[in-house]
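Here is a short walk through one protein model. Keep the sequence and the coordinates open as you read.

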Amino acid sequence: ATMICSLTGKGYEARVKINQITIAQGVFVGLVDDQVTMGTDFMTDNTMALKVQGLLGFQIIHATDAAAIWQTVQIKAAGARVALNATAATASTGWIKLGMKSVSGTVTFYVNGVADATTTTSASANYPLNLYMVPGFATKCGSAAANTLSVDWWYAASLR
């Protein structure tokens, strides 16, 4: 299921959970440019910084042991990472639904079905415009502790 980020009427949602909430870690759940692979360098080093490529979604980024916070983020290929809402949701070890919906070029993010007040538009700086996007999931641990990202389900839809 690929989607172009400039289309209206598209949606994405995933139900995920993590097993650690206080360790240094990086987590990503969202849409990624299908022209770039999500290999071992997707999070480039122990800073948990994401590889610069087109993406739109949710991220936990903690280079040191800290309470995990979900952020809403966007990156344009060859652009900078933009944290749209740096405190979208406090992470827990329970299941959480993370979603996005685009209507007329405005993307609204959802946490457990509730719309986040921070949105983005296809006209904003570093929005991943005109890319084919595919669902992407990633996790990286900054310590020797076991770190998992479980995906219960995901869906993506786009109107043509």
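Which backbone oxygen lies 3.0 Å from a polar atom of the side chain of His 62? The backbone oxygen of Ala 67 does. Bear in mind that this model is predicted.

Stay with His 62. This residue belongs to strand 4, which covers residues 55-62. Its relative accessible area is 16%. Buried means under 20%, so His 62 counts as buried. What surrounds His 62? Leaving aside neighbours within four places in sequence, its contacts are Ala 24, Gln 25, Met 48, Ala 67, Ala 68 and Ile 69. Ala 67 is thus on the contact list and also supplies the backbone oxygen described above.

Ile 69 leads on to the next stop. His 62 contacts Ile 69, and Ala 86 contacts Ile 69 too. Beyond its neighbours within four places in sequence, Ala 86 also touches Trp 70 and Gln 71. Ala 86 sits in strand 6, residues 81-90. Is Ala 86 buried or partly exposed? Its relative accessible area is 40%, so Ala 86 is partly exposed. Now follow the chain to Gly 105. Ala 86 and Gly 105 are 19 residues apart along the chain. Their C-alpha atoms are separated by 22 Å.

Finally, turn to strand 11, residues 149-157, where Trp 154 is found. Trp 154 has a relative accessibility of 39%, so this residue counts as partly exposed. Which residues make a nonpolar surface patch with Trp 154? Val 151, Trp 153 and Tyr 155 join Trp 154 there. The patch has an area of about 370 Å².

How values were computed
Residues numbered from 1 in each chain as written. Predicted model: local features only at pLDDT ≥ 70, side-chain atom pairs only at ≥ 80, totals over all residues. Heavy atoms only, no water. Patch = residues over 30% accessible without salt bridge, like charges linked within 9 Å, V, L, I, M, F, W, Y side chains within 5 Å. Areas by Shrake-Rupley, 256 points an atom, 1.4 Å probe, with all protein chains shown as cover. Salt bridge = Lys/Arg side-chain N within 4 Å of Asp/Glu carboxyl O. Helix = DSSP H or I, 4+ residues; strand = E, 2+ residues; numbered from the N terminus. Buried < 20%, exposed > 50% of the residue type's maximum accessible area, 1.4 Å probe, protein only. Contact = heavy atoms within 4.5 Å. Polar contact = N/O pair within 3.5 Å; in protein donor to acceptor, adjacent residues only side chain to side chain.
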